[in-house]
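Subject: Structure handover

Hello,

Here is the structure I said I would pass on. My notes follow it.

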Amino acid sequence: MALFEKAPAKINLSLDVLSKREDGLHNVEMIMTTIDLSDRIELSSIGQDTIKISLESRYVPNDERNLAYRAAALFKRTYGINKGVHIKIEKNIPVSAGLGGGSADAAAVLRGLNRLWGMDIPLQELAALGSKLGADISFCVYGNTAIARGFGEKIETLTSPPPCWVVLAKPDIGVSTRTIFERVSLDTIYHPNTNEVIKALYEKDLYKLCANMGNSLEAITGSLHPEVIQIKQAMKSIGATGVMMSGSGPTVFGLVEHENKAKRVYNGIRGFCDEVYLVRLIG
Ligand SMILES: C[C@@](CO)(OP(=O)(O)O)[C@H](O)COP(=O)(O)OP(=O)(O)OC[C@H]1O[C@@H](n2ccc(N)nc2=O)[C@H](O)[C@@H]1O
Ligand SMILES: Nc1ncnc2c1ncn2[C@@H]1O[C@H](COP(=O)(O)OP(=O)(O)O)[C@@H](O)[C@H]1O
């Protein structure tokens with residue numbers, strides 16, 4: 001038996017770093033939403049009690065280091081399952097991009113194994129399990145639009161943003177989330193106005209959303225990789241309504257209300273950056 005799970009990427013509509021915990025992680029407050037750029041996960045039962053993983057990617061390990069593999073191992077261990085699974089990953093989300101691709105894959109494996117093995121584990125429990133492997137996995141278990149608190153594992157669902165188009169531009173660099181958090185200086189860091197972003201979502205006001213989006217980590221990644229700031233400026237001047245870096249970067253996204261304008265921004269930004277996508281919000 002085989003089944004498929006979609007693993008959509010996320011963008012951060014706001015990301016605020018509040019404090020540093022004793023274990024070294026940071027308390028954050030971030031609003032995330034899923035976008036129509038997805039990996040595709042196929043899960044099939046196999047005879048032996050093993051986890052097999054197949055994917056073709058220059059940037060992602062296809063062994064026990066893969067987050068999807070680790071999610072399956074954790075699921076089997078937690079629920080005492082002696083069955084095997086073959087995980088095939090079609091990788092479409094750029095890697096180390098701030099789009100949560102590894103977390104999306106791990107979350108899809110948790111949801112998928114729940115179905116494959118006929119368990120009835122609530123999403124809340126899967127999300128708590130996922131948080132043992134990474135900060136963004138809890139959000140990805142639920143998808144849609146939510147605010148994440150704690151180190152990212154406390155999820156509260158929000159209403160979806162107003163419909164719009166998303167132009168994504170990923171400079172040709174990968175960013176390590178750990179490296180960016182290590183450079184956080186809490187005395188001087190920028191704080192976005194998260195409450196105004198939430199209000200904009202409930203008022204379905206794209207202009208208010210764009211005016212208030214903000215990311216505490218953007219200046220840090222931007223100082224290490226000036227292309228992030230250049231792409232941001234270019235996307236703004238080409239006409240995106242709101243522009244921000246997602247997560248720890250380096251992907252910059254622009255929100256645009258109409259398809260024609262979005263296509264203009266998409267075509268324009270291709271002159272500055274090789275890896276560009278035009279997608280819709282699905283959160
Ligand atoms: C910053 C965010 C925003 O969505 O996204 P990305 O840029 O990675 O997509 C995430 O919170 C990232 O989540 P994730 O990519 O799962 O990070 P993890 O593997 O859990 O953490 C990697 C490292 O980042 C640092 N880290 C992460 C989360 C957090 N709240 N505080 C931290 O200090 C820690 O050094 C940790 O070891
Ligand atoms: N299934 C997976 N997909 C993507 N990256 C993975 C996966 N498993 C492990 N990784 C590793 O996780 C790291 C972060 O990748 P990714 O989740 O794409 O980035 P980000 O945290 O910036 O959104 C990379 O070093 C990558 O090799």
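Where does ligand 2 lie with respect to domain 1 and domain 2? The model is a predicted one, and in it domain 1 (2-157) and domain 2 (165-280) both give residues to the shell around ligand 2, so ligand 2 lies between them. The shell around ligand 2 has 18 residues, of which L67, V95, G101, G102 and D105 come nearest. Helix 1 (67-79) and helix 2 (101-116) each supply at least two residues of that shell, and helix 2 has the largest share of it, with 4 residues. By class, the residues around ligand 2 are 7 nonpolar, 10 polar and 1 charged.

Ligand 1 can be described in the like way. Domain 1 and domain 2 both give residues to its shell, so ligand 1 also lies between them. That shell is made of 19 residues, and G134, A135, F181, G247 and S248 are the closest. Strand 1 (2-20), strand 2 (26-46) and helix 5 (177-182) each contribute at least two residues to the shell around ligand 1. Its residues divide into 7 nonpolar, 10 polar and 2 charged.

One of the closest residues to ligand 1 is F181, which lies in helix 5. F181 has 18 C-beta neighbours inside 10 Å and therefore counts as partly exposed. Its C-alpha atom is separated by 37 Å from that of L3, a residue 178 positions away along the chain.

Next, the domains themselves. The chain is divided into domain 1 (2-157) and domain 2 (165-280), and the centres of the two, taken over C-alpha atoms, are 23 Å apart. Their contact takes 23 residues from domain 1 and 32 residues from domain 2. On the domain 1 side, strand 1 and strand 2 are the elements that give two or more residues. Strand 1 gives the most to that side, with 9 residues. By class, the side of domain 1 that touches domain 2 has 11 nonpolar, 8 polar and 4 charged residues.

UniProt, in an unreviewed entry, lists residues 198-272 as "domain: GHMP kinase C-terminal". Over residues 198-272 the chain is 57% helix and 15% strand, and the C-alpha atoms at the two ends of that stretch are 32 Å apart.

Two helices have a clear pattern of burial. In helix 3 (residues 123-130), the buried residues include L126, A127, L129 and G130. These residues cover an arc of only 160° around the axis, which puts them on the same side of helix 3. The elements that cover them include helix 1, helix 2, helix 4 (137-142) and strand 6 (154-157).

In helix 6 (residues 194-202), V197, A200 and L201 are buried. Seen down the axis, they fall within an arc of 100°, so they line one face of helix 6. An α-helix has 3.6 residues a turn, so residues three or four places apart point the same way. The buried residues of helix 6 pack against strand 1, strand 2, strand 5 (145-149) and helix 7 (206-212). The face turned away from the buried side of helix 6 carries the exposed residues N195 and Y202.

Last, some points of backbone geometry. Most residues other than glycine have a negative phi, and most peptide bonds are trans. Which residues are worth a look on that count?

- K204, just after helix 6, takes a positive phi of about 50°.
- S96 is not a glycine, yet has a positive phi of about 50°. S96 is in the loop between strand 4 (84-90) and helix 2, and is partly exposed, with 19 other C-beta atoms within 10 Å.
- N144 is not a glycine either, and has a positive phi of about 60°. N144 lies in the loop between helix 4 and strand 5, and with 16 C-beta neighbours inside 10 Å it counts as partly exposed.
- The peptide bond from G249 to P250 is cis, with omega near 5°. P250 lies in the loop between strand 9 (242-245) and strand 10 (252-256).

Regards

How values were computed
Residues are numbered from 1 along each chain as its sequence is written. Chains are lettered from A and ligands numbered from 1 in the order in which they are written. This is a predicted model: local features need pLDDT of at least 70, side-chain atom pairs count only at pLDDT 80 or more; totals for chains, interfaces and linings use all residues. A residue is near a molecule or strand if its C-beta atom, placed from the backbone, lies within 6 Å of it. Ala, Val, Leu, Ile, Met, Phe, Trp, Tyr, Cys and Pro count as nonpolar, Asp, Glu, Lys and Arg as charged, and the others, Gly among them, as polar. Domain bounds come from an automatic or database domain assignment. UniProt positions are given in the numbering used here, feature names are shortened, and annotations may be inferred rather than shown by experiment. Two residues are in contact if their C-beta atoms, placed from the backbone, lie within 7 Å. A residue is buried if 20 or more other C-beta atoms lie within 10 Å of its own, exposed if 12 or fewer, and partly exposed in between; C-beta atoms are placed from the backbone. The arc is that of the directions from the helix axis to the C-beta atoms.
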